[in-house]
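Biologist: Please show me the structure, and let us then discuss how its helices are described.

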Amino acid sequence: MGSRFETQDKLIAATRDILIADGIEGCTLENICSRAGFTRGAFYSNFATKESLLGALAEDEYAALIDQLREQVRNWAANPKRVAESCASDNCSSNDEADGHLVMEDLLFEALDAIGIDKELYVIHSELLTRSVRDADWGARLLDLNSEFIEELGNVLTVILDAAGRKPTKSIRALTHAVVGLVMRAAGIDAWRTAAQENPRAYRKVQGAQASRKERQSVAQSPARDIVEMILILMYAASEPK
């Protein structure tokens, strides 16, 4: 059993690499098997179709995002003085609104750092979502996975608002969808700006998965921080003091 799961993991990892580097069009069975180092026979011993492999990849991606968000919330809960210490380290004023803003920014950035605002996030989820629009069956499957992620991220946003002394005045689910839109745009801009800074003349030729797997940059240092900060404005507009 262990060997079977290992084979599946390698096929999923190979598909992920190809998806980031070459898009969904590059995810042919030949490319996937070649990258993973398996024959077509080995592939069909583990997945009935390429669609089932892509489904497993989507499940892995969303499960990882959800686990990372839950782990971040657990870290906050395990450190009840975390907010107060964060505020003190940021030299908060005695003004409650100013304190709340700094707390919200700090916790939001930590949550986004947990999931990663980078090229990998942008490419993988853009490719999967685009495919879901074109394929109704695939779309139905991805919708269920995405809904669970939206619910988890909504819980995180609620925790952040509460820590900042605010409560939502709009649907938290609608707010979460809007935040995801900004996050995805920020991830794309981060990839473009980073590529342009690293190689101004040839930024269109940035390598795929392997090039993006360097040490993850925090949101605070991201070239797209200005876009991420718009999330704070949105969260304020959709909430009020408790």
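The conversation below concerns helix packing.

Modeller: This is a predicted model, in which local features need pLDDT of at least 70, side-chain atom pairs count only at pLDDT 80 or more, and totals for chains, interfaces and linings use all residues. Residues are numbered from 1 along each chain as its sequence is written, and side-chain values use heavy atoms, with hydrogens and water left out.

Biologist: Why are α4 and α8 called roughly parallel?

Modeller: Helix α4 (residues 50–78) and helix α8 (residues 136–163) pack at an angle of about 10°, with axes 10 Å apart. Angles under 35 degrees count as roughly parallel, over 145 as roughly antiparallel, 65 to 115 as roughly perpendicular and the rest as oblique. The pair α4 and α8 is therefore roughly parallel.

Biologist: What makes α4 oblique to α7?

Modeller: The axes of α4 and helix α7 (residues 119–134) cross at roughly 130° and come within 12 Å. That crossing makes α4 oblique to α7. Contact (heavy atoms within 4.5 Å) involves E51, L54, A58, E61, Y62 and L65 of α4, and L121, I124, H125, L128, L129 and R131 of α7.

Biologist: How do you know that the span of α7 agrees with the expected one?

Modeller: The expected span of a helix is 1.5 Å times one less than its number of residues. The 16 residues of α7 should therefore span 22 Å, and the end C-alpha atoms of α7 are 23 Å apart, which agrees.

Biologist: Which residues of α7 are buried?

Modeller: Buried means under 20% relative accessible area, exposed over 50%, and partly exposed in between (1.4 Å probe, protein chains only). In α7, the buried residues are E120, L121, V123, I124, H125, L128 and S132.

Conventions:
Axes fitted to C-alpha atoms, helices over the stretch in contact; angles between N-to-C directions. Helix = DSSP H or I, 4+ residues; strand = E, 2+ residues; numbered from the N terminus.
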